[in-house]
Amino acid sequence: MKRREPISHIMTKNVLTVKVTDDLHEVVELVKKNHIRHLPVLDGAEVVGIISSTDINRLTFSSLFENQEGADEAILEMLTIPQVMTQKPRTVEASLSIREVAEILTTEEYHALPVVENGQLAGIVTTTDVIKYMLEQY
């Protein structure tokens with residue numbers, strides 16, 4: 001295992017994002033259509049939040065109860081992305097080592113971290129990315 005392999009080696013580079021002003025319906029569609037679990041939220045070029053499929057699942061009932069699609073729609077209409085997202089997410093620099101990021105994911109209990117380079121979003125790294133990397137090493 002390479003001790004100083006940068007996180008940029010395993011991060012997802014082509015990251016889907018949403019804008020802080022977007023509609024929650026767009027988040028739901030992106031998550032479902034692309035089978036992803038985390039979306040960075042941008043205000044211009046700045047990462048101001050992260051919204052997860054878990055955040056969305058907490059808002060919706062149609063998967064739990066029959067005939068609740070109307071309730072889901074009402075909730076998505078009432079709330080905004082800033083009300084649902086995790087604000088001021090922890091970000092990591094693209095130059096950090098995979099080990100350093102694994103330690104952050106473990107000790108701070110995150111499942112995904114936006115990766116920045118020169119203040120701009122460069123990617124996203126998840127616990128799954130780190131586990132896959134570790135499995136490749138053995």
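**Exercise 1. Describe the salt bridge between glutamate 100 and arginine 4, and place both residues in the chain.**

Solution. Begin with the side chains: glutamate 100 and arginine 4 meet in a salt bridge with an N to O distance of 3.6 Å, where the term requires a side-chain nitrogen of Lys or Arg within 4 Å of a carboxyl oxygen of Asp or Glu. Next, locate the partners, which link distant parts of the chain: glutamate 100 belongs to helix α5 (residues 98-107), whereas arginine 4 sits in the segment before β1 (18-19), 96 residues apart. Helices here are DSSP runs of H or I with at least four residues, strands are runs of E with at least two, and both are numbered from the N terminus. Finally, consider accessibility, for which buried means under 20% relative accessible area, exposed over 50%, and partly exposed in between, with a 1.4 Å probe and protein chains only. Glutamate 100 is partly exposed because its relative accessibility is 27%, while arginine 4, at 56%, counts as exposed.

The model is a predicted one, in which local features need pLDDT of at least 70 and side-chain atom pairs count only at pLDDT 80 or more, whereas totals for chains, interfaces and linings use all residues. Residues are numbered from 1 along each chain as its sequence is written, and side-chain values use heavy atoms, with hydrogens and water left out.

**Exercise 2. Establish how many salt bridges the structure holds, and characterise the pairs formed by arginine 90 and by glutamate 103.**

Solution. The count for the structure is 3 salt bridges. Arginine 90 pairs with glutamate 108, their closest N and O atoms being 3.2 Å apart. This pair also links distant parts of the chain, with arginine 90 in the loop between β4 (86-87) and β5 (92-93) and glutamate 108 in the loop between α5 and β6 (112-117), 18 residues apart. Arginine 90 is partly exposed at 30% relative accessibility, and glutamate 108 is likewise partly exposed, at 35%.

Turn then to glutamate 103, which forms a salt bridge with arginine 99 at 3.3 Å between the closest N and O atoms. Because the two residues are 4 residues apart in helix α5, about one helical turn separates glutamate 103 from arginine 99. Glutamate 103 counts as partly exposed at 39% relative accessibility, but arginine 99 is exposed, with a relative accessible area of 55%.

**Exercise 3. Compare the surroundings of leucine 121 and threonine 126 in strand β7.**

Solution. Leucine 121 has its place in strand β7, which spans residues 120-126, and threonine 126 lies in strand β7 as well. Leucine 121 is partly exposed, since its relative accessibility is 24%, whereas threonine 126, with a relative accessible area of 11%, is buried. For contacts, defined as heavy atoms within 4.5 Å, residues up to four places away in sequence are not counted, and the partners of leucine 121 include Val15, Pro40, Leu42 and Val116. The C-alpha atoms of leucine 121 and proline 40 are separated by 8.7 Å, although the residues are 81 residues apart along the chain. Threonine 126, under the rule that leaves out residues up to four places away, touches His38, Leu105, His111 and Ala112.

**Exercise 4. Summarise the protein as a whole: which elements does it have, and what percentage of its residues is buried?**

Solution. The protein has 6 helices and 7 strands, following the pattern β-α-β-β-α-α-α-β-β-α-β-β-α along the sequence. Of its 138 residues, 41% are buried. Among contacts with a separation of 6 or more, 57% are between residues 24 or more positions apart.
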